[in-house]
Amino acid sequence: MSTVQQFNKGRIHDVTCKPLKKFLDERGWLTELFRSDELEPEIMPVMSYISMTQPGVARGPHEHVEQTDYFCFLGPSNFKVYLWDTRPGSPSFGVKQVLYAGVDAPAMVVVPPGVVHAYRNIGTENGIVFNAPNRLFAGQGKSEPVDEIRHEELVDSPYQLD
C-alpha cells in the first residue's frame with residue numbers, strides 16, 4: 001500500500017453517493033436503503049448495523065482491505081463525510097472528497113476497499129448511521145481478524161478532519 005502525503009480535492013473513482021428518496025404520507029415517511037436489484041453482486045450486504053454518533057464526534061479515519069461499506073445517512077443530524085483515495089491503481093489516487101449527508105440531505109454512500117473514510121456529526125443532535133457492509137465483522141462466527149486499518153491516532157496522519 002502506498003501512502004499519499006498530500007491530497008487533491010475531487011471525486012473518488014468507485015465511490016457512489018446517491019440521494020435517498022423519502023416517500024411521504026399521512027403516517028410519516030419511508031426510505032428504501034438498498035435493493036438487491038440495484039447493487040452489483042460484489043457489494044451485496046451480508047450484515048447490517050446502526051450506530052449513534054454524538055454531536056461534534058468523529059468516527060475514523062480508517063480503511064478496509066476487502067470490505068466495502070454501504071452507509072446511509074438519514075438523520076436526525078447531519079454529517080461531514082471525508083474520503084481519501086489511497087489505492088495506487090485508482091484513477092483518483094491521491095484525491096480527497098468531502099460530502100455532506102444526513103437529515104438535510106439523506107444519502108447513501110458506498111466506500112470501496114482502500115478508500116480511507118471518516119465522518120463527523122456536524123449537527124446538534126445525536127446522529128444515526130446505517131451500514132450494510134459486504135463482509136462480516138470479524139468473519140464467520142467472529143473468528144477472523146477484523147478488516148480495518150485504523151488511522152485515528154497516527155501522529156502526522158495525512159488524513160485530517162476539520
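**Exercise 1. Aromatic pairs**

Task: Find how many aromatic pairs the structure holds, and work out how the rings of phenylalanine 71 and tyrosine 119 are arranged.

Solution:
- Step 1. The structure holds 9 aromatic pairs. Keep in mind that this is a predicted model.
- Step 2. A pair of aromatic rings is described by the distance of the centres and the angle of the planes. For phenylalanine 71 and tyrosine 119 the centres are 5.8 Å apart, with 75 degrees between the planes.
- Step 3. Planes over 60 degrees apart count as edge-to-face. The pair of phenylalanine 71 and tyrosine 119 is therefore edge-to-face.
- Step 4. Now place the two residues on the chain. Phenylalanine 71 belongs to strand S7 (residues 69-75) and tyrosine 119 to strand S11 (residues 115-121). With these positions 48 residues apart, the pair links distant parts of the chain.
- Step 5. Both phenylalanine 71 and tyrosine 119 are buried.

**Exercise 2. Another pair and a cluster**

Task: Decide whether the rings of tyrosine 82 and tryptophan 84 are stacked or edge-to-face, and say which residues ring pairs link into a cluster.

Solution:
- Step 1. The ring centres of tyrosine 82 and tryptophan 84 lie 6.0 Å apart, and their planes differ by 10 degrees.
- Step 2. Planes under 30 degrees apart count as stacked, so tyrosine 82 and tryptophan 84 form a stacked pair.
- Step 3. Check the burial next, using the cut-off of under 20% relative accessible area. Tyrosine 82 counts as buried because its relative accessibility is 0%. Tryptophan 84, at 1%, counts as buried too.
- Step 4. Ring pairs join Phe7, Tyr82, Trp84 and Tyr159 in a cluster.
- Step 5. A ring can also have a charge over it: the charged end of lysine 22 sits over the ring of tryptophan 29, 4.3 Å from the ring centre.

**Exercise 3. The whole protein**

Task: How many helices and strands does the protein have, and how does its radius of gyration relate to the globule rule?

Solution:
- Step 1. Count the elements: the protein has 0 helices and 13 strands.
- Step 2. For 162 residues the globule rule gives 15 Å, and the radius of gyration is 16 Å. These values are close, so the protein is as compact as a globular protein of that length.
- Step 3. Along the principal axes, the C-alpha atoms fill a box of roughly 50 × 35 × 30 Å.
- Step 4. Look at burial and surface. Of the 162 residues, 45% count as buried. The protein exposes about 9,200 Å², of which carbon and sulfur atoms supply 52%.
- Step 5. Turn to the contacts with a separation of 6 or more: 84% of them are between residues 24 or more positions apart.

**Exercise 4. A sheet and its strands**

Task: Give the order of the strands in the open sheet, and follow the partners of valine 81.

Solution:
- Step 1. The open sheet has 6 strands in the order S1-S9-S8-S11-S6-S13, with mixed pairing. Its edge strands are S1 (8-9) and S13 (149-150), each paired on one side only.
- Step 2. Strand S8 (residues 78-85) pairs with strand S9 (residues 95-102) in the antiparallel sense over 7 bridges. S8 also pairs with S11 in the antiparallel sense, again over 7 bridges.
- Step 3. Valine 81 has leucine 99 as its bridge partner in S9 and stands opposite tyrosine 119 in S11.
- Step 4. Go on from S11 to strand S6 (residues 58-63): these strands pair in the antiparallel sense over 3 bridges. Here tyrosine 119 in S11 is the bridge partner of arginine 59.

**Exercise 5. Buried or exposed?**

Task: Which way do the side chains of S8 point, and is proline 91 buried or exposed?

Solution:
- Step 1. In a regular strand the side chains alternate between the two faces of the sheet.
- Step 2. In S8, Asn78, Lys80, Tyr82 and Trp84 point one way, while Phe79, Val81, Leu83 and Asp85 point the other way.
- Step 3. Because 8 of the 8 residues of S8 are buried, this strand is largely enclosed by the rest of the structure. S11 is largely enclosed as well, since 6 of its 7 residues are buried.
- Step 4. Proline 91 lies in the loop between S8 and S9. Its relative accessible area is 68%, so proline 91 is exposed.
- Step 5. Proline 91 and isoleucine 12 are 79 residues apart in sequence, and their C-alpha atoms are 8.2 Å apart in space.

Key. Residues are numbered from 1 along each chain as its sequence is written. This is a predicted model: local features need pLDDT of at least 70, side-chain atom pairs count only at pLDDT 80 or more; totals for chains, interfaces and linings use all residues. Side-chain values use heavy atoms; hydrogens and water are left out. Rings of Phe, Tyr and Trp (its six-membered ring) pair if their centres lie within 6.5 Å; planes under 30 degrees apart count as stacked, over 60 as edge-to-face and the rest as tilted. Helices (H or I, at least four residues) and strands (E, at least two) are DSSP runs, numbered from the N terminus. Buried means under 20% relative accessible area, exposed over 50%, partly exposed in between (1.4 Å probe, protein chains only). A charge sits over a ring if NZ of Lys or CZ of Arg is within 6 Å of the ring centre and within 35 degrees of the ring normal. The radius of gyration is taken over C-alpha atoms; the globule rule is 2.2 Å times the number of residues to the power 0.38. Contact means heavy atoms within 4.5 Å. Accessible areas come from the Shrake-Rupley method with a 1.4 Å probe; for residues, only the protein chains shown count as cover. Two strands pair if DSSP finds at least two bridges between them.
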